[in-house]
Amino acid sequence: RVDHGSIARMNAPLEPWRLKRDPLDDFTPEDLTFGAEQRQVFVSGKGPAVIVIAEIPGITPEVARFARWVRDAGFTVFMPVLFGDPGRPASVGYGVSVAARVCVSRQFRALTANVTSPAIVWLRALAASAHVRCGGKGVGAVGMCFTGNFALSMMLEPAMLAPVLCQPSLPIGRKGGVHTAPEELAQIRSRMDRENLLALAYRFEGDVLCPGQRFKDYDQVLGDRIRLKSLPASSANPNAPIKAPHSVVTQHLIDREGEPTRAAVDEILAFFRERLAPS
């Protein structure tokens, strides 16, 4: 049997906009300070707040596209700059250079399991501030790859209600592990049980940066408080700059009805509407 969908994917060219710098001119850059640390944040939209935390190498055109989908669904998007050059297209060389710096940064503690990255403290403060500013029931967040589980770790902030984990890849170099301190993870699970909260998580089957064992570990500690979905590797965009299937809602997404990656985006947007929009 001929799989015409697979043939179409293999023959589809990479969209030209992915190779050009995104000016992000429909976002407002703001310098926000929490504690002693100031970071630039790109803000756009109206409605309850959703924090989009970019993957390595940073806010690429694909990350900005996802953020616009969230904004256009009725939310105020906050994209903090944790690393990278905002708007710059992804490439292997660019990704490697950024990864070399952030993987050894004390802000992220990327090589250690069962810890919470110091950057999470700043993101929790951002969530609290964004909720006061934007209203709604609470705040949502999406983490991707290197920042994949940051949205879950932010759940100790009471305003955070809707965490989404896309291909969570920390701790690096380990098949399993949850990149959150055990005592904080216990508090998060207790809160989710008490308030009937959920998290969503996505990965591609065969992803070596987010192995299947990691999802098993999330299932073990969160149980029915997290909905885990592993998409077929064959559903990834084969023409992405980075070939191995990995980035579900950005690099490897196929924006076409019926595609599993596009369905994942639609599920995430519906999740935010259900959890954050005023009654």
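Colleague: How many helices and strands does the secondary structure of the protein chain come to?

Modeller: Eight helices and eight strands. Bear in mind that this is a predicted model. Of the 279 residues in the chain, 57% count as buried.

Colleague: And what share of the contacts between residues at least 6 apart in sequence join residues at least 24 apart?

Modeller: That comes to 74%. Val43 and Thr76 give you an example: they sit 33 residues apart along the chain, with their C-alpha atoms separated by 7.0 Å.

Colleague: Where is Val43, and what makes it count as buried?

Modeller: Val43 belongs to strand β2, residues 37–45. The cut-off for buried is under 20% relative accessible area, and Val43 has 7%, so it qualifies. Beyond its neighbours within four places in sequence, Val43 is in contact with Phe27, Thr28, Glu30, Thr76, Val77, Phe78 and Arg133.

Colleague: Why is Val52 called buried?

Modeller: Its relative accessible area is 1%, and buried means under 20%, so Val52 passes. Val52 lies in strand β3. In space it is 7.4 Å from Pro80, C-alpha to C-alpha, with the two positions 28 residues apart in sequence terms. Val52 also touches Val63, Phe66, Ala67, Val77, Phe78, Met79, Val142 and Met144, among the residues more than four places away.

Colleague: Which residues have the most contacts inside the largest nonpolar core?

Modeller: Phe66, Met79, Ile268 and Phe272, in a core of 87 residues. In soluble globular proteins, nonpolar side chains tend to be buried together. Take Met79: leaving out residues up to four places away, it touches Leu24, Phe27, Gln40, Val41, Phe42, Val52, Ile59, Val63, Ala64 and Ala67.

Colleague: Why are helices α2 and α8 called oblique to each other?

Modeller: The axes of α2 (residues 61–72) and α8 (residues 260–276) come within 10 Å and cross at roughly 40°. Roughly parallel would need an angle under 35 degrees, and roughly perpendicular starts at 65, so α2 is oblique to α8. The crossing is right-handed.

Colleague: Which residues meet there, and how do they split by class?

Modeller: From α2 you have Phe66, Trp69 and Val70, and they meet Arg262, Val265, Ile268 and Leu269 of α8. By class, that contact has six nonpolar, no polar and one charged residues.

Colleague: What is unusual to look at in the backbone around Pro57?

Modeller: A cis peptide bond joins Ile56 and Pro57, with omega about 15°. Pro57 lies in the loop between β3 (49–53) and α2.

Colleague: What sign does phi have at Leu24, and is the residue buried or exposed?

Modeller: Phi is positive, about 55°, although Leu24 is not a glycine. Its relative accessible area is 4%; the cut-off is under 20%, so Leu24 is buried. You'll find Leu24 in the loop between α1 (4–11) and β1 (28–34), and Leu24 is also one of the residues touched by Met79.

Colleague: How do you know that Gln167 is buried, and what is its phi?

Modeller: Gln167 has a relative accessible area of 1%, which is under the 20% cut-off, so it counts as buried. Its phi is positive, about 40°, although Gln167 is not a glycine. Gln167 is found in the loop between β6 (160–166) and α6 (182–195).

Notes: Residues numbered from 1 in each chain as written. Predicted model: local features only at pLDDT ≥ 70, side-chain atom pairs only at ≥ 80, totals over all residues. Heavy atoms only, no water. Core = buried A, V, L, I, M, F, W, Y, C linked by side-chain atoms within 4.5 Å. Buried < 20%, exposed > 50% of the residue type's maximum accessible area, 1.4 Å probe, protein only. Contact = heavy atoms within 4.5 Å. Axes fitted to C-alpha atoms, helices over the stretch in contact; angles between N-to-C directions. Helix = DSSP H or I, 4+ residues; strand = E, 2+ residues; numbered from the N terminus. Parallel < 35°, antiparallel > 145°, perpendicular 65-115°, else oblique. Left-handed = near helix turned anticlockwise from the far one by under 90°. Nonpolar A, V, L, I, M, F, W, Y, C, P; charged D, E, K, R; others polar.
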